[in-house]
Amino acid sequence: MARRPRLYLPDCPLHIIQRGNNCDACFRDDSDHKAYLHFMREAAAQYGVSIHALFL
């Protein structure tokens, strides 16, 4: 069954969780982690959003 679309309210923060499949690690090594952070920064700037916290 597909998940329902997220409710989006302007100016309301979203809590987003990223997990690996079957509890696997999301990053294989440090370069994967650095690339992920780079892409997150680029996307936040492109779409004008703020990242308030990031726990890895």
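The exercises below work through a predicted model.

**Exercise 1. The salt bridge**

Task: Find which residue forms a salt bridge with Asp30, and place the pair in the structure.

Solution:
- Start with the count. A search of the whole structure finds 1 salt bridge.
- Identify the partner. Asp30 pairs with Lys34, and their closest N and O atoms are 3.3 Å apart.
- Check the cut-off. A salt bridge needs the side-chain nitrogen within 4 Å of a carboxyl oxygen.
- Place the pair. Both residues lie in helix 1, 4 residues apart, or about one turn of the helix.
- Classify Asp30. Its relative accessible area is 46%, so Asp30 is partly exposed.
- Classify Lys34. Its relative accessible area is 53%, so Lys34 is exposed.

**Exercise 2. The pocket and the patch**

Task: Describe the largest pocket and state which residues lie nearest its centre. Then find the surface patch that contains Leu14.

Solution:
- Take the volume. The largest pocket holds about 970 Å³.
- Look at the lining. It consists of 27 residues, and Leu14, Ile16, Met40, Ile51 and Ala53 are the ones nearest the pocket centre.
- Sort the lining by class. There are 21 nonpolar, 4 polar and 2 charged residues.
- Turn to the patch. Leu14 joins Tyr8 and Ile16 in a nonpolar patch on the surface. Together the three have about 350 Å² of accessible area.
- Locate Leu14. This residue is in the segment before helix 1, which spans 30-47.
- Test Leu14 against the patch rule. Patch residues need over 30% relative accessible area. Leu14 has 46%, so this residue counts as partly exposed.

**Exercise 3. Positive phi**

Task: Compare Asn22 with Cys23. What are their phi values, and are these residues buried or exposed?

Solution:
- Recall the background. Most residues other than glycine have a negative phi.
- Read Asn22. Its phi is near 55°, a positive value in a non-glycine residue.
- Read Cys23. Its phi is also positive, at about 65°, and Cys23 is not a glycine.
- Place them. Asn22 lies in the segment before helix 1. Cys23 is found there too.
- Classify them. Asn22 has a relative accessible area of 74%, so Asn22 is exposed. Cys23 reaches 80%, so Cys23 is exposed.

**Exercise 4. Arg28**

Task: Place Arg28 and state how far its C-alpha atom is from that of Ala2.

Solution:
- Locate Arg28. It sits in the segment before helix 1.
- Classify Arg28. With a relative accessible area of 80%, Arg28 is exposed.
- Take the distance. The C-alpha atoms of Arg28 and Ala2 are separated by 28 Å, and the two residues are 26 residues apart along the chain.

Conventions:
Residues numbered from 1 in each chain as written. Predicted model: local features only at pLDDT ≥ 70, side-chain atom pairs only at ≥ 80, totals over all residues. Heavy atoms only, no water. Patch = residues over 30% accessible without salt bridge, like charges linked within 9 Å, V, L, I, M, F, W, Y side chains within 5 Å. Areas by Shrake-Rupley, 256 points an atom, 1.4 Å probe, with all protein chains shown as cover. Helix = DSSP H or I, 4+ residues; strand = E, 2+ residues; numbered from the N terminus. Buried < 20%, exposed > 50% of the residue type's maximum accessible area, 1.4 Å probe, protein only. 1 Å grid on protein atoms, 1.4 Å probe; cavity = no way out; pocket = protein on both sides within 12 Å on 5 of 7 lines; lining within 4 Å. Points joined across faces, edges and corners; volume = space filled by probe spheres on them. Nonpolar A, V, L, I, M, F, W, Y, C, P; charged D, E, K, R; others polar.
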